[in-house]
Amino acid sequence: MVDVSGKEPTLRTARATATVSLRPLTLEAILAGGIRKGDVLGVARLAGIAAAKKTPELIPLSHTLAIHHAAVEFTVDRATGRITVEATVRAFERTGVEMEAMTAATVAALTIYDMCKGSDKSITIGEIALLYKEGGKSGVYRKGEMQ
């Protein structure tokens, strides 16, 4: 584990994404509340937020952080049969919250898979990526911008 005790706490924010591709019928069932396990996006949202808080238990050398904000949102694209998961995490800490945001997005995507696998075994989870981060000495990062 990296020693961050000498660093000053700053406001840290990170946004990460994951994509879930499903059959159109499965996507419509999710949106209509027709999945047997229940409210897929509601459960996935809670799973992602809980996962952000549990990141140090999952990633061996990550720090335990006092997370001040965690949110998981979904964008549905019926035309492509895709759900885009976006997780945002914020904390006033000595180290970044990128892993917490990426863990939240990933676990939310896995939860969608788990809740729908009984009716669609072809679900795939696609790109998991850091979209944005700020805070700390490395400054601001935006995916796709030259650093």
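**A walk from one strand pair to the helices**

In this predicted model, valine 76 has isoleucine 83 in β3 as its bridge partner. Next comes aspartate 77, whose bridge partner in β3 is arginine 82. These pairs belong to a longer run of contacts between strands: β2 and β3 (residues 82–93) are joined by 10 bridges. The two strands run antiparallel.

Look now at the turn. The hairpin of β2 and β3 has four residues between the strands. Among them is glycine 81, which takes a positive phi near 70 degrees.

Step back to the sheet. Five strands build it, and it is open. Their order is β2-β3-β1-β4-β5, with antiparallel pairing. β2 and β5 (141–142) stand at the edges. Each has a single partner strand, so one side of each has no neighbour in the sheet.

Helices lie across these strands. α2 crosses β2 and β3, and runs at about 145 degrees to β2. Helix α3 (residues 98–116) lies across β1 (10–21), β2, β3 and β4 (124–134). Its angle to β1 is about 25 degrees.

Finish at the loop between α2 (40–58) and β2 (67–77), where isoleucine 59 lies. Is isoleucine 59 buried or exposed? It falls in between: isoleucine 59 is partly exposed, because its relative accessible area is 30%, and partly exposed covers values between the 20% limit for buried and the 50% limit for exposed. Isoleucine 59 also helps to make a nonpolar surface patch, together with Leu58 and Met99. That patch is about 240 Å².

Definitions and conventions. Residues numbered from 1 in each chain as written. Predicted model: local features only at pLDDT ≥ 70, side-chain atom pairs only at ≥ 80, totals over all residues. Heavy atoms only, no water. Patch = residues over 30% accessible without salt bridge, like charges linked within 9 Å, V, L, I, M, F, W, Y side chains within 5 Å. Areas by Shrake-Rupley, 256 points an atom, 1.4 Å probe, with all protein chains shown as cover. Salt bridge = Lys/Arg side-chain N within 4 Å of Asp/Glu carboxyl O. Buried < 20%, exposed > 50% of the residue type's maximum accessible area, 1.4 Å probe, protein only. Pairing = 2+ DSSP bridges. Contact = heavy atoms within 4.5 Å. Axes fitted to C-alpha atoms, helices over the stretch in contact; angles between N-to-C directions.
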